[in-house]
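Me: I'd like to go through the aromatic contacts and the pockets of this structure with you. Could you show it first, and then explain the labels as I ask about them?

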Amino acid sequence: MAEQLVTERLVLRSWHVDDARAALDVFGHADVARWLSPIMEQVPDLPAMRLLLRQWIAEDARSIPPAGRWSIQQREDERVIGGATLLPLPPGNQDLEIGWQLHPDVWGQGYSVETTYALAQWAFQHEVDEIFAVVRPSNTRAAAAVRRNGMEWVGETSKYFGLTMEVFRLRLADLDLAAKQQRLPPGLEAE
């Protein structure tokens, strides 16, 4: 089960079925879902979101730390604003991917960076040497967020999910918020 992680503004905690309405606001939003396909489609309604949360909760109960799924909740008002993951990447499940999904209302407020930093610290406490983010080439917002955490672009691959993806890597020594942002892949401009 995912351990609760607390940052200055956020609580990353396990999902609960009672989170279904807030989760649907995120995973049912077209602007979020477009970046998740083909791994996950837009969630169509509340019953589907409840079912998906039950699946995530069951998977999380079997996960070996640091892998897991978290809801992202604002500390100030306890509002669930998104979800985060540390999951093995197919094929082979050898690489650990960090990911997050936030409601568009909170984009641009630094929550993805805060989430990424907390999850990376968690992973590195569990003898993980490196974590990866795989980003669609046109998702400049995600590429900018991972770069703000010092993630280094290491190339393109179609190894994951059958899509050409930009791959970013973070090692413990790179986890420095004051460090210079890493370079972007050729031809990708940050927003």
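Me: How many aromatic pairs does the structure hold?
Reply: There are three aromatic pairs in this model, which is a predicted one.

Me: What makes the pair of Trp15 and Phe27 edge-to-face?
Reply: Two values settle that. The ring centres are 6.2 Å apart, and rings pair if their centres lie within 6.5 Å. The planes stand at 65 degrees, and over 60 counts as edge-to-face, so the label follows.

Me: Why can one say that this pair ties together parts that are 12 residues apart in sequence?
Reply: Trp15 lies in the loop between strand S2 (10–13) and helix H1 (20–27), while Phe27 belongs to helix H1, so the contact links these two parts.

Me: Why is Trp15 called buried, and why Phe27?
Reply: Buried means under 20% relative accessible area. Trp15 has 6% relative accessibility, so it counts as buried. Phe27 has 1%, so the label fits Phe27 as well.

Me: And why is the pair of Trp15 and Trp56 called tilted?
Reply: Here the centres are 5.8 Å apart and the planes make an angle of 50 degrees. Stacked needs planes under 30 degrees apart and edge-to-face over 60, so the rest, this pair included, counts as tilted.

Me: Which parts does that tilted pair tie together?
Reply: Trp15 is in the loop between S2 and H1, and Trp56 is in helix H3 (residues 46–62), so the pair joins parts that are 41 residues apart in sequence. Trp56 itself has 5% relative accessibility, so Trp56 counts as buried. Trp15, Phe27 and Trp56 form one aromatic cluster.

Me: Now the pockets. What is the volume of the largest pocket, and which residues are closest to its centre?
Reply: The volume of the largest pocket is about 1200 Å³. Its lining has 49 residues, and those closest to the centre are Trp35, Leu36, Gly99, Trp100 and Gln101. By class, the lining divides into 28 nonpolar, 13 polar and eight charged residues.

Me: How do you know which element gives the largest share of the lining of the second largest pocket?
Reply: By its residues: H4 supplies six, the largest share. This pocket has a volume of about 160 Å³ and is lined by 11 residues, with Thr7, Glu114, Tyr117, Ala118 and Gln121 nearest its centre. Seven of the lining residues are nonpolar, three polar and one charged.

Definitions and conventions. Residues numbered from 1 in each chain as written. Predicted model: local features only at pLDDT ≥ 70, side-chain atom pairs only at ≥ 80, totals over all residues. Heavy atoms only, no water. Phe/Tyr/Trp six-rings, centres within 6.5 Å; stacked < 30°, edge-to-face > 60°. Helix = DSSP H or I, 4+ residues; strand = E, 2+ residues; numbered from the N terminus. Buried < 20%, exposed > 50% of the residue type's maximum accessible area, 1.4 Å probe, protein only. 1 Å grid on protein atoms, 1.4 Å probe; cavity = no way out; pocket = protein on both sides within 12 Å on 5 of 7 lines; lining within 4 Å. Points joined across faces, edges and corners; volume = space filled by probe spheres on them. Nonpolar A, V, L, I, M, F, W, Y, C, P; charged D, E, K, R; others polar.
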